[in-house]
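Q: Please take me through one part of this model in detail. Start with the overall picture, then zoom in.
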Amino acid sequence: MAELRERPLIFYIESMLQVGDLDIERHLPGMTPAFSSTNVFAQLEATQQGAGIGVLPAFLAQRTRLRRLLADEIDIRLPITLAVRREAVTHPAVRVLWTALRREVAERADELLPE
């Protein structure tokens, strides 16, 4: 961890996350992001180009030559949210989409969660 604090940190900022979820200090004490993005592909590219240590979604990192650091010490899991207008929640098409997304995430749990 001490060596990581000397490197720039690349961190994902999801616009729908709660403020507490975005608190990198909670997950990586003593580290401050040098680059943050709401786009995971920008974050991935910055990491691959050597801009710093990336905190990447598991499904992205597993498809690269990047390697996971401190797997036993760091496990950051952030919630993913589906946002719909209140009046659309009961719409049949929205319910079908919501069900399909939940099924897809469940079927791909091994891909989406870190090893």
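What percentage of the 115 residues of the protein count as buried? And which residues make the nonpolar surface patch?

A: Start with the whole chain. This is a predicted model. Of its 115 residues, 23% count as buried. The protein exposes about 8,600 Å². Carbon and sulfur atoms supply 53% of that area.

The fold comes to 6 helices and 3 strands. Read from the N terminus, the order is α-β-α-β-α-β-α-α-α. Now take the contacts between residues with a separation of 6 or more: 61% of them join residues 24 or more positions apart.

Next, confidence. The average pLDDT is 78, and 80% of the residues score at least 70. Helix α5 has the highest confidence, at a mean of 92. Helix α2, residues 24-27, has the lowest, at 65. Where pLDDT is low, predicted coordinates should not be read in detail.

Now the patch. Six names belong here: Leu82, Val84, Val89, Leu97, Trp98 and Leu101. Together they make a nonpolar surface patch of about 480 Å².

Take Trp98 to begin with. Tryptophan 98 is found in helix α5, which spans residues 92-107. Its relative accessible area is 35%. That value falls between the 20% limit for buried and the 50% limit for exposed, so Trp98 counts as partly exposed. Patch membership asks for over 30%, and Trp98 clears that mark because it has 35%.

Leu82 comes next. Leucine 82 sits in the loop between α4 and α5. Its relative accessible area is 40%, so leucine 82 is partly exposed too. With neighbours within four places in sequence left aside, leucine 82 is in contact with Trp98 and Leu101. Both partners belong to the patch. Leucine 82 and leucine 101 are 19 residues apart in sequence. Their C-alpha atoms lie 9.3 Å apart in space.

Now turn to the charged residues. The structure holds 3 salt bridges. One pairs glutamate 87 with arginine 85, with the closest N and O atoms 2.7 Å apart. Glutamate 87 has 56% relative accessibility, so it counts as exposed. Arginine 85 is exposed as well, at 58%. Both values are over the 50% limit.

The other pairs form a network. Glu104, Arg108 and Glu111 are linked by salt bridges. Glutamate 104 bonds with arginine 108, and their closest N and O atoms are 3.0 Å apart. Glutamate 111 meets arginine 108 at 3.7 Å, N to O. The limit for a salt bridge is 4 Å, so the 3.7 Å pair qualifies. Glutamate 104 is partly exposed at 37% relative accessibility. Arginine 108 is partly exposed at 39%. Glutamate 111 has 22%, and it counts as partly exposed because the buried class needs under 20%.

Two more loop positions complete the tour. Threonine 64 is also placed in the loop between α4, residues 58-61, and α5. Its side chain reaches the backbone nitrogen of leucine 66 at 3.0 Å. Beyond residues up to four places away in sequence, threonine 64 touches Leu44 and Gln48.

Alanine 51 lies in another loop, between α3 (40-48) and β3 (53-55). Alanine 51 is partly exposed, at 39% relative accessible area. Leaving out residues up to four places away, its contacts are Pro8, Ile10 and Ala46. The C-alpha atoms of alanine 51 and phenylalanine 35 are separated by 8.2 Å. Along the chain, those two residues are 16 apart.

Back to the patch for a last look. Leu82, from the loop between α4 and α5, touches Trp98 and Leu101. Trp98 itself is in α5, the element with the highest mean confidence, 92. Val84, Val89 and Leu97 are among the other members of the patch.

How values were computed: Residues are numbered from 1 along each chain as its sequence is written. Side-chain values use heavy atoms; hydrogens and water are left out. Patches are made of residues with over 30% relative accessible area and no salt bridge: like charges are joined within 9 Å, nonpolar side chains (Val, Leu, Ile, Met, Phe, Trp, Tyr) within 5 Å. Accessible areas come from the Shrake-Rupley method with a 1.4 Å probe; for residues, only the protein chains shown count as cover. A salt bridge is a side-chain nitrogen of Lys or Arg within 4 Å of a carboxyl oxygen of Asp or Glu. Helices (H or I, at least four residues) and strands (E, at least two) are DSSP runs, numbered from the N terminus. Buried means under 20% relative accessible area, exposed over 50%, partly exposed in between (1.4 Å probe, protein chains only). pLDDT is the predictor's confidence in each residue, from 0 to 100. Contact means heavy atoms within 4.5 Å. A polar contact is a pair of N or O atoms within 3.5 Å; within protein, one must be able to donate a hydrogen and the other to accept it, and residues adjacent in sequence count only if both atoms are side-chain atoms.
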